[in-house]
Amino acid sequence: MTQKFLWGVASSSHQTEGNNQYNDWWDWEHEGKIEGGVRSGLACDFRNRFKEDLLEIKNLGCNSFRFSVEWSRVEPEKGQWNELEIAFYKDLVLECKKLGIEPMVTLHHFSIPLWFYRQGGFTRKDSHVDFIPYVKKMVEVIGEDVHWWCTINEPIVYTLGAYFAKYMPPGEFNPAKVVAANYHLFLSHREAYRIIKEKNQQAQVGIAHNMLAIRPSRKWHLLERIIANAIDRFYNWAWIDAITGGKVCFSLPFIFPKHSKITAGKCCDFLGVNYYTQALVHLWPKVYPHETSLPQYPVAVTFARRSDNKSDLGWSIYPKGLLKILRRLEKFKLPIFITENGIADKADQHRPKYLVEHLRILAEARNEGIDVAGYFHWSIYDNFEWIKGFGPCFGLLEMNYETQERSRRPSAELFTKIILSHEHAAPSLEKLKLH
Ligand code: BGC
């Protein structure tokens, strides 16, 4: 496939737009579920400032921008369409095009309308039927202008967060719901894929899938290896298999009940990978008690060893893991986009190195013949980091939430330099040597 490399930044609606009052997160925030009792409020006021933000994205040298449409803005009550908000997304897309920025549009990025949430969200049988009118509406309005689509952002993170690890609404522990929600999200994706392609055969549709380099904490520990393997199967590969025409099976041995084992045919044109870090599987987590997120279980997953270089969230910097993942994705013979990659680093101490090292991995992968077709840095600016509130800073630009002022961190300038030195072509080891 020869086409220009997509150099972009990524964001999502609820994390940036502000005043998303009709979704589940807004409600949760008002129940005091966010760390420090914080609420998303005006967030980055992207809803009103999108033109200046797009200009900045352009000035950074990007030729693409990944953002999401907020379902609850478009359809605040079942079957009621807010034409003003729909027009906003049309304007947003047209403004991108005007500036020479390719929009990559995500249809579901964690938040859902309250009316849908109150009916059980994606755990409900046939819930995908409610997602379809929204997809149709958006495709009708922007389908002609949008070439790149991510139907669902990180379905595994979303379902685990909501129904297993409890850091997303409704914050339940119910493994059967994890399986059910994944299945219904899959049906939603498959239907959205069909609708988008029907409107525009040329459109390219995929998902943005969170992938982690999942490893045993101790290589020699047979049981940790077996468990790491099982988690890897479920977390990294269940969705990739399902959308590429393999088995549709969202169960995990011992924990999640079986749901289905059908094959559904291929329903994606590219693979979107959100890569941040590694995950280490520990048995008897007393070994690292302070780092375990779920101390009540005999198995724990942590994101760093004590000696690793870490982000402000304690996630280790592990670019090698991305190469391993890309090598495993190669066999699907589909273009791969890094739909998210970034680091919480308020001081911008690690980000420059993080950025260059991950781009180097992409260059290496391409040298091996792996079709990596784009890179989206998460994120354009600091934003509402879900249950963590406004603490973690993932931005190339630093946000001052009081004044809504955005200012470039040094790594923003570095990103621009890198893009320009590549003249928008794909990352190359030669050119990255200079940075
Ligand atoms: C999500 C983003 C989030 C980022 C950093 C990804 O899992 O798609 O919404 O802000 O990670 O945690």
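**Notes on two surface patches and the overall fold**

1. Let's start with I226: at 45% relative accessibility, this residue counts as partly exposed (buried is under 20% relative accessible area, exposed over 50%, partly exposed in between, with a 1.4 Å probe and protein chains only). I226 sits in helix α10, residues 222-243.

2. A quick word on provenance: this is a predicted model, where local features need pLDDT of at least 70, side-chain atom pairs count only at pLDDT 80 or more, and totals for chains, interfaces and linings use all residues. Residues are numbered from 1 along each chain as its sequence is written, and side-chain values use heavy atoms, leaving out hydrogens and water.

3. I226 joins L222 and L223 in a nonpolar surface patch of about 290 Å². Patch members have over 30% relative accessible area and no salt bridge, with like charges joined within 9 Å and nonpolar side chains within 5 Å; a salt bridge is a Lys or Arg side-chain nitrogen within 4 Å of an Asp or Glu carboxyl oxygen.

4. There's a positive patch too, built from K219, R225, K320 and K324. Of these, K320 belongs to helix α11, residues 319-329, and counts as exposed because its relative accessibility is 53%.

5. Zooming out, the protein has 14 helices and 13 strands (DSSP runs: H or I of at least four residues for helices, E of at least two for strands). Of its 435 residues, 61% count as buried.

6. On overall dimensions, the C-alpha atoms fill a box of roughly 55 × 55 × 45 Å along the principal axes. The radius of gyration is 20 Å, which agrees with the value near 22 Å for a compact globule of 435 residues (taken over C-alpha atoms; the rule is 2.2 Å times the number of residues to the power 0.38).

Methods
Accessible areas come from the Shrake-Rupley method with a 1.4 Å probe; for residues, only the protein chains shown count as cover. Lys and Arg count as positive and Asp and Glu as negative; His and the chain ends are not counted. The place of a charge is taken as NZ of Lys, CZ of Arg, CG of Asp or CD of Glu.
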